[in-house]
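Open your viewer and get ready to click along. We will take the tour one selection at a time.

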Amino acid sequence: MRRARRLRAAAVPCPVRAACGAVAGTCAAVLLLAACGTSAAAGAQAAGKPSGHGPTVKIMARSLPAVGTVLVTGNGYALYMFGPDNHRSVTCTGVCAGTWPPVKLPVGGSLAAGPGVSVSLLGSDPDPDGGRVVTYDGWPLYTYTGDIDSGQATGQDIDLNGGDWYVLRPSGQPLIPSPAPPGRPDRRRPARRGPAAGPCCWPGAAWPWARPGPVPPGR
Amino acid sequence: MGAAGTGAAWALTGSSAAAPDPESPESPPAPSAVVPPDDDLMREHGVLKRVLLCYREMTSQVQAGGSLNAQHLHDAALVIHDFIEGFHEGLEEGFVFPRLRQAGRVTGTVSTLLLQHARGRVLTQFILAHATTSEVASAGPRGELAAAMQAFVRMYEPHEAREDTVVFPAFRQLLSPQEVADLGQHFADLEHQQFGQDEFTAMVGRVAAIEQALGIYDLTQFTPDVTAYEPPH
């Protein structure tokens, strides 16, 4: 299994902190900012060597109602993994990424881990829509537009955009509920799934389709 | 492209549903020109509205003590799951809402719409999980499904009306003519990438088949007799 490239960085202040709260929860390109730590974070664990000038994307752990302790952004928004990513690559792109904005690692940015989060499990993978997406134990990390406020995990155990979505424990383990007992319908599972596809989404100031970058074939 | 893009996958699987006449005016022609993004979203709302009518009909049948066909319900919920929640709402969440928030327009409404998308997905997951022959045979689960459909309809009727009359016009005002053209083309490209060519036509046919199975396809049945309201001669 291919593992995400490990990034080593130091905790540095997020230079775009003011933008973090403006549109958090809505767009992939902006959600990377929502993941920024609000400071070098006293007590935070540095995740490798400094890149120099870029913002820091901080991954935290927090106890949320109904799901317990899971990974969250620096702003406290729940982070999710997507089954079809298969522990190794970003497959939620295009329209899918509109609903599930990936946590982007800005060019020159660095990663930081909050208390209880393993630095060694942090990394990043290329995003077919452009840039890189932060990973944890190989899982690309996404937020959910349905989480209107921090501290929610309304996307947990949803089947949407071609696969299942789960929050992640700090161990890197997805929180997958037990299957229904034999003879009972699985209340969690729609019978068929739609595909995820296409380049996405509103990037803030620029139109995404004007941005050069590969579009995965057949998606 | 996923399996959902195949024509066969769109076909109603229930035995009682006849396929819509492909020659009928019901089958819209494939658009030859780029549709502006807000128009495209409103056109997709038409599909949503027709599924809401299906939900309403099935709810009424249950509340009148009638039965509920699990296949028809499942087919209708799949249209919502695949097309509305898995595509249409992704366009809104990826392109429309962020731009409005960025511009400080209708931000409170956008937050409500996002929350309603999430709640709608919960209802759809519930409906899909319970739309089985064994469950609809029991009054309890059948009533729960009817309540879920009713809640879905109650939420999405004002939801889409507000988007059509307030949110999309506000979004359109933010776009330059070039952006309208570019985004319209991009929406079309995304649709083709996800579902293949003529997807919208196939989706309309899929909903029409459910309507036929439910006996609400024939538009003439909804034309009222207005004799009692005509002025005396």
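## Start in the core

Select Tyr55(B), Met58(B) and Leu73(B): within the largest nonpolar core, which has 59 residues, these three touch the most other members. Keep in mind as you look around that this is a predicted model.

Next, colour the helices of chain B that give two or more residues to this core. They are H2 (37-63), H3 (70-103), H4 (107-130), H6 (139-174), H7 (177-195) and H8 (199-214). Which helix gives the largest share of the core? Select H3(B), which supplies 15 residues.

Now zoom in on Tyr55(B) and show its neighbours. Leaving aside residues up to four places away in sequence, Tyr55(B) touches Leu73(B), Ala76(B), Ala77(B), Ile80(B), Ile127(B), Met149(B), Phe152(B) and Val153(B).

Then move over to chain A. Another core, of 20 residues, lies apart from the one you have just explored. To find it, select Val70(A), Ala78(A), Phe82(A) and Tyr142(A), which are among its members.

## Step back to chain B

Return to chain B and show it as a cartoon. How many helices and strands can you count? There are eight helices and zero strands, so read from the N terminus the pattern is α-α-α-α-α-α-α-α.

Switch on the contacts in chain B between residues at least 6 apart in sequence: 82% of them join residues at least 24 apart.

Finally, show the surface of chain B. About 10,000 Å² is exposed, with carbon and sulfur atoms supplying 56% of that area. Of the chain's 233 residues, 49% are buried.

Definitions and conventions:
Residues are numbered from 1 along each chain as its sequence is written. Chains are lettered from A and ligands numbered from 1 in the order in which they are written. This is a predicted model: local features need pLDDT of at least 70, side-chain atom pairs count only at pLDDT 80 or more; totals for chains, interfaces and linings use all residues. Side-chain values use heavy atoms; hydrogens and water are left out. A nonpolar core is a set of buried Ala, Val, Leu, Ile, Met, Phe, Trp, Tyr and Cys residues joined through side-chain atoms within 4.5 Å. Buried means under 20% relative accessible area, exposed over 50%, partly exposed in between (1.4 Å probe, protein chains only). Helices (H or I, at least four residues) and strands (E, at least two) are DSSP runs, numbered from the N terminus. Contact means heavy atoms within 4.5 Å. Accessible areas come from the Shrake-Rupley method with a 1.4 Å probe; for residues, only the protein chains shown count as cover.
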